Amino acid sequence: MERSKNPIIDVSLKKESALKKLLLCSFLTLLACGLFGQPITDSNVLNIAKIDESQLIDKYQLLIDSTGSTGSLPMENILNQKWTTNTNFNLEKNIPNSWTTSTIYLRYFLENNQDTTKKIFFLAGTYIKKIKIYKLLMNNKFIQLKDESRKDGYQPIKLNGGEKAEFIVKINFSKRSKNKLTPTFINPDYLEKFKLLRYYNGSGYPVISYIICGILLLIMGYCLSKMIESSNKKTYLYFFLYSSTIFSTILLNMLFKRHGGEFSSFFIEYFQFALLVVSTIFYINFSREFLETKVNLPLIDSILQLEKYLLIVLLISFTFIVYFTNYFMLKEAIEYGTEIYLTFIAALYVSFYFFKPGILVKYIAAGNFILLFCAIVSYLIHFDLLPKIGIFENSMFFIQIGYAGLLALCLLGVARKERNSLVAIVKEQESLKKEWENKNLEIQIALLQSQQNERNRISMEMHDDLGAGITTIRLYSELAKKRMGKNIIPEIEKISSSANELINNMNSIIWTMSPENDTLYNMIAYIRSYGITYFEDAGINCQINVDENIPDTSVNGEKRRNIFLAIKEILNNIIKHSKATEVIVNLKIENNYLVLSIHDNGIGINTEIFRKFGNGLKNIKRRMEDIQLEFSIENKNGTLVIIKNKLD
């Protein structure tokens, strides 16, 4: 058989030049991986690709079935069709668009000139959805090889030692433009290196993509943690979903870009666009929650809602076109139109700054400005309007950088809003606490006022009713004494004395209950007056000394009452037990204490009797402890009693 009709390809691929170049490219690939994923130059990749392709470029025949992508030609009649040798097809260019929805058949021959069974891998090209390889048997029947190309597009072929066979490859492309038909055979020993070279040739800067994916994982973890503890759960939920879809898009793009197989075809044909639309819907929902547009920007909220519904309609239309029609150019028109539409949405977000200036709006506007700028650069690269040099080799690189910038600024904005929310909550709590304290203070003031009013009422009634009654008793007892002359009955004398004492005690009680006397000066004046009057009839000289620098502080009724009763008890003991002729009362300030001392020149105090029978002094000490005053008594040329109150 002539070579043009029955081309023979050696499965062993033992050409020395090809082997050397494969080894060289493998070394360059490893070096590239060591340099953090720096892409290999086009010249290196194309050399190895051309070597593999040149083995088949003029050694296969081509048949195009344009009746449909399902392929309606029966295999038993396939050899009778009009095959053409594809010597004029330029493998550097994309296939014609008419081939995309057609079934392409390749026909070639393989021969294993060694004695052992050999395996070789066949790659049809880029973005191949499905390949089926048929082997021609001796009776002109075909047997289909087990399909192992669904994962990545590489189909293994085995030949026994010395076997020569004819093969038919049935190819269906992904529904997209810019597909490539590059039938290539790869030696199993170099398959992984070949995949690595092919991956690095078409993935731009994969290390940067992996770094961005790592950053997105951190953002997703942060959002999940904040969803549990934050009050803005919807904001974090939508931001998590948006980050997840962007993460999935970048990761799957790295895994399936420039690959064959059904998974790659599904991603390229449909899922990549679906992720893009769904992520934008999540971002719109996030923006509405983040900026609270329903309350703060109702017009913008209506526009965003309309954009979201339009995106849903586009996704439904796109799904129908992909799975129920062969109009892939319309599909791509929707893709490009949607990308332009999303660019418009990004521009709209940038314009938010002018609608409602604010710190949170600035984060959204700045993030979308970065995305908008990177998208424009990506479009210029995609349409070859910028020289593909360095970082401008791959348009997806800028898209990924744009999304990373947008997510970073949005995250900063969310953190800022969370901080503002916490500050607002703290302020609200402080306000509620202050309001509660004010109400509590008002209640206490009202209670004190009520108590004071009750005290005033009781003191008034005591003065008016009880005082008048006791005074009447005293007057009648005095009149009775005068009428009786010298024959005074002791009981009448006791009635008069008791009435007089009751009047004094009642006046003391009324004095302690009156709020007008709640000052230290009033208390001192009353005690001075009481002491001088009390000792006047007992023949004891009473001297009261008060420092001029004593502050006029407030003294509540309870404290005044206890102090007065204590002093009254002390003065009573002096008259009854001390046999003193002089009493000195001093009130002064010493070492931040207000000190009241009562010193008599009597016989002193018997401590043994005090321990056994000093109930009056014990009561005085207990009263002082109740109002948190220090009390002490000692013998010092008589009896010295000291009462101390620590000043604030």
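**Sheets, packed helices and surface features of the predicted model**

In this predicted model, five strands build an open sheet in the order β10-β11-β12-β14-β13, and the pairing within the sheet is mixed. The edge positions are taken by β10 (541-546) and β13 (630-635), each of which has a single partner strand, so that one side of each is left without a neighbour in the sheet. From one strand to the next, the twist of this sheet averages 15°. Strands of a sheet pair through backbone hydrogen bonds, and the pairing may be either parallel or antiparallel. Within the five-stranded sheet, the antiparallel sense is found between strand β11 (residues 582-590) and strand β12 (residues 593-600), which pair over 8 bridges; in this pairing, Ile 584 has His 599 of β12 as its bridge partner.

Two helices are associated with this sheet. Helix α15 (residues 557-578) packs on the sheet and touches β11, β12, β13 and β14 (639-646), while its direction makes about 20° with that of β12. Helix α14 (residues 520-536), for its part, lies across β10, β11 and β12, and runs at about 165° to β10.

A further open sheet contains 6 strands, arranged in the order β2-β1-β3-β8-β5-β6, and its pairing is antiparallel. Here the edges are occupied by β2 and β6 (142-144), and because each has a single partner strand, one side of each is left without a neighbour in the sheet. Strand β8 (residues 164-173) has β3 and β5 on its two sides in the strand order, and 9 of its 10 residues are buried, so β8 is largely enclosed by the rest of the structure. The pairing of β8 with strand β3 (residues 103-111) is antiparallel and comprises 9 bridges, whereas 7 bridges join β8 to strand β5 (residues 128-136), again with the strands running antiparallel. Individual residue pairs can be placed within these pairings: Phe 167 in β8 stands opposite Tyr 108, and Phe 167 also stands opposite Lys 135. Glu 166, also in β8, is the bridge partner of Phe 109. In a regular strand, the side chains alternate between the two faces of the sheet.

Strand β4 (residues 118-126) is likewise described by its burial and by its pairing. Of its 9 residues, 7 are buried, and β4 is therefore largely enclosed by the rest of the structure. β4 pairs in the antiparallel sense with strand β7 (residues 154-159) over 6 bridges, and in the antiparallel sense with strand β9 (residues 180-186) over 5 bridges. Ile 120 stands opposite Ile 157 in β7, and the bridge partner of Phe 121 in β9 is Ile 186.

Asn 94 illustrates a link between segments that are separated in sequence. Asn 94 lies in the loop between β2 (84-85) and α3 (97-100), and with a relative accessibility of 32% it counts as partly exposed. When residues up to four places away in sequence are not counted, Asn 94 touches Lys 178, Asn 179 and Lys 180. Of these, Lys 180 is 86 residues from Asn 94 in sequence, yet their C-alpha atoms are 4.9 Å apart in space. Lys 180 falls within the residue range of β9 (residues 180-186).

On the surface, Phe 266, Phe 320, Tyr 323 and Phe 324 make a nonpolar patch of about 470 Å². Helix α9 (residues 298-324) gives the most to this patch, with 3 residues. Phe 266, by contrast, is found in helix α7 (residues 262-291), and its relative accessible area of 38% makes Phe 266 partly exposed.

Taken as a whole, the protein chain has 17 helices and 14 strands, and buried residues make up 46% of its 648 residues. Among the contacts in the chain between residues at least 6 apart in sequence, 76% join residues that are at least 24 apart. The accessible surface of the protein chain comes to about 35,300 Å², and 58% of this surface belongs to carbon and sulfur atoms.

Note on methods:
Residues numbered from 1 in each chain as written. Predicted model: local features only at pLDDT ≥ 70, side-chain atom pairs only at ≥ 80, totals over all residues. Heavy atoms only, no water. Helix = DSSP H or I, 4+ residues; strand = E, 2+ residues; numbered from the N terminus. Buried < 20%, exposed > 50% of the residue type's maximum accessible area, 1.4 Å probe, protein only. Contact = heavy atoms within 4.5 Å. Patch = residues over 30% accessible without salt bridge, like charges linked within 9 Å, V, L, I, M, F, W, Y side chains within 5 Å. Areas by Shrake-Rupley, 256 points an atom, 1.4 Å probe, with all protein chains shown as cover. Salt bridge = Lys/Arg side-chain N within 4 Å of Asp/Glu carboxyl O. Pairing = 2+ DSSP bridges. Axes fitted to C-alpha atoms, helices over the stretch in contact; angles between N-to-C directions.
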